[in-house]
Amino acid sequence: MRLCLPAIVSGFLLLGSAQTFAQSNYKESSNSFARYTQSGDIKNLESAKKFIDETYKNRRDSNSARVNVLRAMIYSSMAYADSTRSIKNPGDPIDITYESLNKIRKRDWENYPSEINYIKQNLAASHIYKAKKALEKEDYAGAYESYLKVRDLNIENYDVTYNLALLAAQTEQYAAATAYYNNLLKRGDAPVEYYLELAEVYKRNKDGQAVLNTLHEARTKFPDNKPVLMNLIQLFAQNNEYKAIAPIIDEAITHEPEDIDLNYLAGYANESVGNIEIAKRYYGKVLQLDPNNYEANLALGLIFLNSFLQDSDNVEAQYQAQNLLLKANEIRPYDVNALRSLSLYYERSGDFAQLDRVKLLLNQLSNN
């Protein structure tokens with residue numbers, strides 16, 4: 001079978017024309033993009049997009065490394081610069097960028113180091129922008145996913161670990177959050193806030209020992225930090241570890257000398273470990289700050305009552321016990337703790353009329 005020579009020649013001419021046209025589109029796209037990088041004019045970026053889209057219609061060019069690199073540069077720029085998506089596209093520019101990146105063979109990446117870095121920088125900025133918009137809507141899961149994509153880009157000047165730690169904690173992914181925080185702490189230059197936030201994550205996850213370990217580590221690194229100290233004391237108090245509180249409570253009170261709860265805790269902790277004189281001083285400080293504090297009147301009254309019960313000739317202890325326990329009873333007339341303490345006092349002091357009155361009231365309260 002013989003082929004018509006004019007037809008063959010015509011076919012070659014059409015093929016050559018298509019290749020020339022594709023090369024022309026690529027060149028026009030490249031020139032427009034160069035003008036965009038110099039001017040920042042979005043119209044140049046839109047022109048570059050139009051020409052690269054035409055180039056991409058050719059199957060061979062759509063698999064070309066240089067075409068996909070330029071296409072990824074254009075669409076990644078659009079993803080960041082056109083955040084409101086005013087330029088019409090067949091899909092999200094971020095997705096189109098990844099589509100082109102995935103078509104570039106790994107061995108070709110070495111030929112375009114600056115271009116690939118440029119693309120990644122734009123993608124990272126785009127994901128961070130999306131994360132910011134998600135946070136404005138309190139979409140913490142969406143923000144977390146965006147920061148994961150920034151992390152996967154592995155760009156040195158984008159340290160997203162801290163944001164991932166915060167968002168993992170916010171979305172109750174506690175295992176991930178603790179892993180991120182611990183990676184930050186391993187660097188050795190983490191601020192005290194990271195330790196406190198990690199302790200809070202462990203607390204939410206009900207890992208008390210990890211909370212304690214984290215606060216101890218923070219205390220070692222930041223011995224003068226007030227929040228670390230206060231968190232430790234709070235943790236010890238919750239676990240009734242007054243032996244651990246007593247040695248450090250004085251330091252805490254230097255930060256908050258007029259904190260009633262802290263002064264009462266100092267009294268209670270010292271009383272628990274047998275530092276009675278120190279306990280009396282702190283209970284007394286509470287009463288200076290708040291004369292009508294029931295707990296401090298009762299606690300200090302009981303200390304003096306105990307001394308009076310051990311030594312009936314201790315006039316000061318008798319006087320102080322009476323006044324403080326009566327004050328506690330005045331503040332809370334029907335509280336059984338104060339009434340029982342008064343019962344012991346009146347029995348030892350021999351005031352049987354008052355003893356009968358108190359016992360009658362206690363019986364009435366127990367029958368109700």
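Colleague: In which helix is the place of Gly 301?

Modeller: Gly 301 sits in helix α18, which covers residues 294-310. The model under discussion is a predicted one.

Colleague: Why is Gly 301 called buried or exposed, whichever applies?

Modeller: The term buried requires a relative accessible area under 20%. Gly 301 has 0% relative accessibility and therefore counts as buried.

Colleague: Which residues does Gly 301 touch, beyond those up to four places away in sequence?

Modeller: They are Ala 296, Ala 321, Leu 324 and Leu 325. A contact here requires heavy atoms within 4.5 Å. As for Gln 288, which is 13 residues from Gly 301 along the chain, the two C-alpha atoms are separated by 15 Å.

Colleague: What does the record say about residues 260-293?

Modeller: An unreviewed UniProt entry annotates residues 260-293 as "repeat: TPR". In the model, this stretch is 79% helix and 0% strand. Its end C-alpha atoms lie 9 Å apart.

Colleague: How many helices and strands are there in the protein?

Modeller: The protein has 21 helices and 0 strands.

Colleague: What makes the protein more spread out than a compact globule?

Modeller: The globule rule gives 21 Å for 368 residues, whereas the radius of gyration is 38 Å, well over that value; the protein is therefore more spread out than a compact globule. Along the principal axes, the C-alpha trace spans about 135 × 45 × 40 Å.

Colleague: What share of the residues is buried, and what share of the contacts joins residues 24 or more positions apart?

Modeller: Of the 368 residues, 40% are buried. Among contacts with a separation of 6 or more, 49% are between residues 24 or more positions apart. The exposed area of the protein is about 21,100 Å², and carbon and sulfur atoms supply 49% of that area.

Colleague: How do you know whether Ala 169 is buried or exposed?

Modeller: The relative accessible area of Ala 169 is 7%. The limit for buried is under 20%, so Ala 169 is buried. This residue belongs to helix α9, residues 161-170. Apart from neighbours within four places in sequence, Ala 169 is in contact with Tyr 174, Ala 177, Val 201 and Arg 204. Tyr 140 is 29 residues from Ala 169 in sequence and 9.8 Å from it in space, C-alpha to C-alpha.

Colleague: Why is Asn 183 called partly exposed?

Modeller: Partly exposed is the class between buried, under 20%, and exposed, over 50%. Asn 183, at 39% relative accessibility, therefore counts as partly exposed. Asn 183 is placed in helix α10, residues 174-186. The C-alpha atoms of Asn 183 and Ala 165 are separated by 9.7 Å, with their positions 18 residues apart along the chain.

Colleague: Where does Arg 85 lie, and what is its phi near?

Modeller: Arg 85 is in the loop between α4 (65-81) and α5 (93-102). Its phi is near 60°, a positive value in a residue other than glycine. With a relative accessible area of 29%, Arg 85 is in the partly exposed class.

Colleague: What makes Asn 240 count as exposed?

Modeller: Exposed means over 50% relative accessible area. The value for Asn 240 is 52%, so this residue counts as exposed. Asn 240 occupies the loop between α13 (226-238) and α14 (242-245). The phi of Asn 240 is near 55°, again a positive value in a residue other than glycine.

Note on methods. Residues are numbered from 1 along each chain as its sequence is written. This is a predicted model: local features need pLDDT of at least 70, side-chain atom pairs count only at pLDDT 80 or more; totals for chains, interfaces and linings use all residues. Side-chain values use heavy atoms; hydrogens and water are left out. UniProt positions are given in the numbering used here, feature names are shortened, and annotations may be inferred rather than shown by experiment. Helices (H or I, at least four residues) and strands (E, at least two) are DSSP runs, numbered from the N terminus. Buried means under 20% relative accessible area, exposed over 50%, partly exposed in between (1.4 Å probe, protein chains only). The radius of gyration is taken over C-alpha atoms; the globule rule is 2.2 Å times the number of residues to the power 0.38. Accessible areas come from the Shrake-Rupley method with a 1.4 Å probe; for residues, only the protein chains shown count as cover.
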